[in-house]
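Hi everyone, thanks for making time. Have a look at the sequence and the structure, and I'll talk you through one helix and one strand.

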Amino acid sequence: MILCYNTPANFSYFGWENEALPLGNGHLGAKVFGRADCELISFNEKSLWSGGPTAEGWNAGLPDFDEGRSVKEVQDLLFAGKNAEAAKAMEKLQGNGTAFGAYQTLGSLYLQFDDMTGTDRYVRDLDLDTASAMVTFRRSDEIYSRHYFVSYPHQVFVGRLESERRERKNPADEKNKEPQKEEAPPEPPKFSFEAYFVSEQKGECAAVDDAILLTGTVHDNRGVNAPDGPGKNAMRYGFGVKFLAKDGTVTALPNGRIRVENTSCVVFFAAAATDYINDFPNFSDGCDPLADKVIPRLNAATEISFGTIYRAHLDDYRNLFGRVSFTLGEPQEENVYLTENLLKRFEKKEEYRRALIPLLFQYGRYLLIASSREGALPANLQGIWNAKNDPPWNCDYHLNINLQMNYWPAFVTNLAETAGPFLDFIASLRKPGRLAAHKVYGVGDGDPEKATGWIANTWANPFGYCVPGYSWHWGWATLCGAWAAVEMFEHYLFTKDVETLQSTIYPALEEAALLFSGLLREDPRSGCLVMAPCYSPEQGPVSAGGTFEQSIVFALFEAVLQGADALREAGEGALVNDALLQTVAEQKERLLPLRVGKKGQIEEWYDEDNFSRAEKADIDKHHRHISHLLGLYPFTQIDDTTPALQKGAKVSLDARGDKTTGWALAHRLCCRARLGDGETCDRLITQTVKTAVLKNLFGTHPPFQIDGNFGFTAGVAEMLLQSHGGVLRILPALPKSWSDGKFTGLCARGGFTVDAEWKNGRLKKGVLHAAKDGRCAMKYDGKIMLVTELGGEGEEHEIEVEFQNGVSSFTAKAGKSYAFS
Ligand code: FUC
């Protein structure tokens with residue numbers, strides 16, 4: 001699986017965004033431009049942020065709230081039907097963004113070559129099977145190649161630049177030549193270059209022996225008028241790049257540059273670090289990043305051969321990436337296409353469509369591995385790649401869909417480990433989130449050590465910003481943390497890992513449930529329990545009992561009840577607050593439910609059919625957010641057991657339309673897959689390729705936003721396999737154009753892994769692997785499925801299968817595989 005180009009990326013922001021190729025290990029990100037005469041590699045370190053506790057004016061937005069008084073005022077106005085007055089009062093529910101900060105760039109490494117002109121046969125590619133970027137070109141009989149990757153095991157970026165000479169031989173002469181014993185390879189050509197590092201962080205940069213070293217504190221060049229305030233802080237960072245030449249010389253120059261002279265092979269390592277740790281309230285480990293982290297990593301890498309580091313990188317990466325395969329059409333030799341041609345001719349040539357869809361699907365998995373690894377912050381709005389110190393939306397953690405979407409593909413595409421940073425990050429919001437819950441809602445006493453309930457809203461940074469943002473029109477979304485906690489629970493549903501449930505997931509879920517259980521109000525109109533104030537993300541208007549919030553509370557209660565059962569079953573019931581769960585179980589039955597309105601739609605707002613003309617005029621019927629359909633995806637309140645709601649969801653999706661942005665197309669794709677509508681999925685995929693994918697296959701909102709990539713991968717997985725609501729659905733949304741195909745290694749809830757093959761649109765055969773003991777229920781197109789247990793040497797044994805309503809169920813045993821057809 002290769003992204004392939006015959007030109008380098010332009011040296012501009014456009015080139016960075018659209019053309020340069022991404023590498024990463026979750027901590028360190030890089031983008032390769034690949035120009036023959038001058039190489040450019042841009043670098044990012046995931047925790048390099050402005051803002052936070054050491055920036056002037058930082059207060060986490062907290063002082064702007066009044067311990068629940070304004071919330072109460074808005075609630076009373078809403079229950080009295082005074083919605084316009086309630087909207088006015090919402091102005092008291094806005095935080096400030098002083099020193100919120102932004103994800104920063106680290107800088108760019110340039111390698112300026114002497115005399116590298118007159119080159120041809122240029123190829124630049126990104127190989128998803130090895131997580132390597134390559135650049136090769138020729139100059140007469142000289143061949144130059146560059147190989148780059150970022151190693152997770154060794155925590156370094158690695159580059160190798162090599163030259164060789166291939167004599168142009170005349171085939172006729174060769175024939176008549178006497179066979180010679182051993183021909184020495186021709187001398188490789190020598191090349192020379194100067195390396196320098198450019199950083200807007202304005203640190204101290206020096207060349208020492210064979211390395212360029214940079215150190216400083218975060219600069220933040222956004223100026224005091226940045227809407228969310230300046231963010232210059234005391235976060236320390238370090239960067240280093242060290243060169244080892246096989247032949248020739250490496251010299252440090254007084255201007256901070258390194259000169260490599262007359263070599264035929266040079267290997268270089270780069271490393272970066274900061275003193276950030278996600279530890280509230282100081283967020284610093286007090287280290288000297290250059291001396292304590294960067295230089296030791298560089299020295300360790302130089303002790304080991306390139307081959308050893310590369311093999312360790314391949315083992316680590318392939319263990320994750322290699323778990324899933326997906327092909328469309330008859331298996332054939334892998335052709336390498338120019339990526340631009342795939343994009344351009346995708347609609348015209350079936351062969352291109354069959355190549356590009358799996359490539360984009362796997363690219364989402366590649367990007368997740370590159371931008372989210374254990375021990376680092378989660379993937380942000382741009383994963384880990386950022387070329388601006390004032391990036392779009394601060395390149396932060398948006399929780400009104402974007403961060404959750406980043407992790408939608410993690411479990412189903414067999415990359416549960418990549419969700420570790422998401423779990424840790426959300427769990428880390430509990431302490432600052434308690435301060436926020438106290439200031440916004442007046443719960444608890446403001447002691448961050450007491451588990452009295454936590455919230456997170458639309459935007460978050462790595463320093464525990466948890467209150468609504470500086471305009472309630474997008475900032476007010478107090479259920480976002482609870483939504484993220486529900487997504488954390490998916491980890492348990494897929495892996496059945498009780499330890500992580502117990503240590504990280506359940507405590508976050510139960511504490512969110514504690515808070516929202518206490519915040520529900522009885523709606524005077526319906527007698528149901530509702531949240532208020534509610535605000536459909538970035539769309540409004542303010543109301544009580546909004547579907548976005550109600551769906552999240554429902555999903556939260558369902559998850560916490562299931563989580564508690566799982567803990568009790570595992571003998572860990574002591575962790576469960578039984579009285580709370582009893583209340584939650586009762587409240588769940590009294591929640592204002594999903595409703596189908598006059599036009600057959602799923603209502604987005606309570607009573608929307610009776611909205612005033614002014615309220616209606618304010619609504620964008622084609623808004624990108626479809627937050628009222630969370631019940632369809634990612635939650636499970638709408639499925640084939642609720643046909644009326646399914647129908648309503650279809651009406652709502654049709655009415656909203658598909659003229660929308662990158663991530664919003666991806667959410668629609670996931671929703672249509674859940675509705676089993678393969679043809680619309682196919683159409684949405686075409687639209688995504690035509691409008692929301694850049695040349696380097698990055699997703700675009702626009703601008704570049706990585707959730708589009710991750711949501712796309714999740715959507716395609718959802719077309720192939722679904723497992724919500726206790727039933728595995730095999731090939732639930734196959735479009736006609738995917739007539740033949742095969743996948744292996746997708747995961748289903750319950751600890752199962754599934755392979756399946758289909759021909760002429762019909763399932764041929766499949767295999768399910770069980771990692772845990774448990775009941776497995778499966779269905780395919782309403783037909784009965786035959787299931788047998790696979791023994792060694794290809795034998796199949798009959799097992800007891802129960803058939804009911806088109807569902808086949810059997811008891812699966814850990815470590816066993818089952819064939820189905
Ligand atoms: C969401 C969206 C915006 C944008 C931002 C980063 O809240 O509504 O369109 O994608 O996140």
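**Helix H22 and strand E34**

So, helix H22 is mostly covered: 14 of its 14 residues are buried, where buried means under 20% relative accessible area with a 1.4 Å probe, protein chains only. Before I go on, this is a predicted model, where local features need pLDDT of at least 70, side-chain atom pairs count only at pLDDT 80 or more, and totals for chains, interfaces and linings use all residues. Residues are numbered from 1 along each chain as its sequence is written, and side-chain values use heavy atoms, leaving out hydrogens and water. Helices (H or I, at least four residues) and strands (E, at least two) are DSSP runs, numbered from the N terminus.

Who packs against H22? Helix H20, residues 662-674, does, at an angle of about 10° and with the axes 8 Å apart; the axes are lines fitted to C-alpha atoms over the stretch in contact, and angles run from 0 to 180 degrees between N-to-C directions. That makes H20 roughly parallel to H22, a label for angles under 35 degrees. The contact (heavy atoms within 4.5 Å) includes Trp663 and Leu669 of H20 and Phe712 and Met719 of H22.

Now the strand, E34, residues 817-820. Both of its faces are covered: Ser817 and Ala819 are buried on one side, Tyr818 and Phe820 on the other. In a regular strand, side chains alternate between the two faces of the sheet.

What does E34 pair with? Strand E28 runs antiparallel to E34, joined by four bridges, and so does E30, also through four bridges; pairing takes at least two DSSP bridges. Phe820 stands opposite Gly766 and also opposite Val787.

Technical notes:
Buried means under 20% relative accessible area, exposed over 50%, partly exposed in between (1.4 Å probe, protein chains only). Angles under 35 degrees count as roughly parallel, over 145 as roughly antiparallel, 65 to 115 as roughly perpendicular and the rest as oblique.
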